[in-house]
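Visitor: I have a protein model open here and would like to talk it through. Could you go slowly, since I am new to this?

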Amino acid sequence: PKAECCVTGKHLQNQIRNLQGQLKSLQDIINKKHKGKTAKDFINGSQISEKLFAANGSAGDYKTSKATCSRAGGHLASPRTSSENGAIQQIIQRYNKAAYLDINDMETEGIFKYQSMEVIGYVNWAPGEPNDTGGGEDCVEMYTDGRWNDRSCEEERLIICEF
Ligand code: GMH
Ligand code: CA
Ligand code: CA
């Protein structure tokens, strides 16, 4: 019968393809909205590729910083490229205050990992760092010059989140 044409074979495949396309653009819109919403509590953001880095001037030690970003729906900034490092640095310069990164060597001394899980690839250590001064530096801060220093996790630092 004639009616069969529209629910079988190629025709149906095309309809599915169209729906998949529409679904993808809807998903893209939702993702963008979600990023905007989670970042809304933060001003002075800086977007590089798919990441959005944001701060609102609040500060805290490493644990507080991590919890703050997690509550906001993101996590602490963790630069994986020099352009991401530069985007974070811009925020640090605007507030003129160093910030913790989501990088530490708590598990194994000298082995720095993102979010306590994955060994870091990109690094931007300041000269002579990391030096684990006093045997007690397992967190990482970024200075205003963009360089990194391993540091005690108990200092007060600018909170910069990544969404
Ligand atoms: C030591 C020295 C300094 C260095 C600090 C820093 C602390 O005091 O090596 O030059 O800036 O450590 O690494 O985290
Ligand atoms: Ca250390
Ligand atoms: Ca150090």
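Visitor: What spacing do the donors of the calcium ion (ligand 2) follow along the chain?
Guide: Please keep in mind that this is a predicted model. Along the chain, the donors of the calcium ion (ligand 2) follow the spacing D-x3-E-x22-D-x4-E-D.

Visitor: And which residues coordinate the calcium ion (ligand 2)?
Guide: The calcium ion (ligand 2) is coordinated by D105 and E109, each listed twice through side-chain oxygens (OD for D105 and OE for E109), together with D132 (OD), E137 (O) and D138 (OD), at 2.3 to 2.7 Å.

Visitor: Is D132 buried or exposed?
Guide: D132 counts as buried, because its relative accessibility is 16%, and the cut-off for buried is under 20%. E137 is buried as well, with a relative accessible area of 9%.

Visitor: What are the protein donors of the other calcium ion, ligand 3?
Guide: For the calcium ion (ligand 3), the protein donors are E129 (OE), N131 (OD1), E137 (OE), N149 (OD1), D150 (O) and D150 (OD), and they lie 2.2 to 2.6 Å from the ion. E137 is thus listed for ligand 3 with its OE atom, while for ligand 2 E137 is listed with its O atom.

Visitor: How are the donor residues of ligand 3 spaced in sequence?
Guide: The spacing for the calcium ion (ligand 3) reads E-x1-N-x5-E-x11-N-D. Within that set, E129 sits in the loop between β7 and β8 whereas N149 belongs to strand β9, so this pair ties together parts that are 20 residues apart in sequence. Both E129 and N149 are buried.

Visitor: Now ligand 1, which residues surround it?
Guide: Ligand 1 is surrounded by E129, N131, T133, E137, N149, D150 and R151. Sorted by class, this shell has no nonpolar residues, three polar ones and four charged ones.

Visitor: What distances come up between ligand 1 and those residues?
Guide: A polar side-chain atom of E137 lies 2.4 Å from an oxygen atom of ligand 1. For N149, a side-chain N or O atom is 3.0 Å from an oxygen atom of ligand 1, and for D150 a backbone N or O atom lies 3.1 Å from an oxygen atom of ligand 1.

Visitor: How much of ligand 1 does the protein bury?
Guide: Taken alone, ligand 1 exposes 340 Å², and the protein buries 48% of that.

Visitor: R151 was in that shell. Which salt bridge does R151 form?
Guide: The side chain of R151 meets that of E141 in a salt bridge, at 3.1 Å from N to O. Since R151 lies in strand β9 (residues 148-151) and E141 in strand β8, the pair ties together parts that are 10 residues apart in sequence. R151 is partly exposed, with a relative accessible area of 25%, whereas E141 counts as buried at 1% relative accessibility.

Visitor: How many salt bridges does the structure hold?
Guide: The structure holds eight salt bridges. One of them joins D28 and K24, with the closest N and O atoms 2.9 Å apart. These two are four residues apart in helix α1 (residues 9-39), which means that about one helical turn separates D28 and K24. D28 counts as partly exposed at 34% relative accessibility, while K24 counts as exposed at 52%.

Visitor: What about E162 and K51, how do their side chains meet?
Guide: The side chains of E162 and K51 meet in a salt bridge of 3.4 Å, N to O. E162 lies in strand β11 (residues 161-162) and K51 in strand β2 (residues 51-55), so the pair ties together parts that are 111 residues apart in sequence. E162 counts as buried at 7% relative accessibility, and K51 counts as buried at 14%. In addition, K51, E84 and E162 are linked in a network of salt bridges.

Visitor: Changing topic, where is G121?
Guide: G121 is placed in the loop between β7 (118-119) and β8 (139-142), and with 56% relative accessibility G121 counts as exposed. G121 and T81 are 40 residues apart in sequence, and their C-alpha atoms are 8.8 Å apart in space.

Visitor: Last one, how many helices and strands are there?
Guide: The protein chain has three helices and 11 strands, which run α-β-β-β-α-β-α-β-β-β-β-β-β-β from the N terminus on. Of the 163 residues in the protein chain, 39% are buried.

Terms used: Residues numbered from 1 in each chain as written. Chains lettered and ligands numbered in written order. Predicted model: local features only at pLDDT ≥ 70, side-chain atom pairs only at ≥ 80, totals over all residues. Heavy atoms only, no water. Buried < 20%, exposed > 50% of the residue type's maximum accessible area, 1.4 Å probe, protein only. Near = heavy atom within 4 Å. Polar contact = N/O pair within 3.5 Å; in protein donor to acceptor, adjacent residues only side chain to side chain. Areas by Shrake-Rupley, 256 points an atom, 1.4 Å probe, with all protein chains shown as cover. Nonpolar A, V, L, I, M, F, W, Y, C, P; charged D, E, K, R; others polar. Donors = N, O, S within 2.8 Å, 3.2 Å for Na, K, Ca; no water. Salt bridge = Lys/Arg side-chain N within 4 Å of Asp/Glu carboxyl O.
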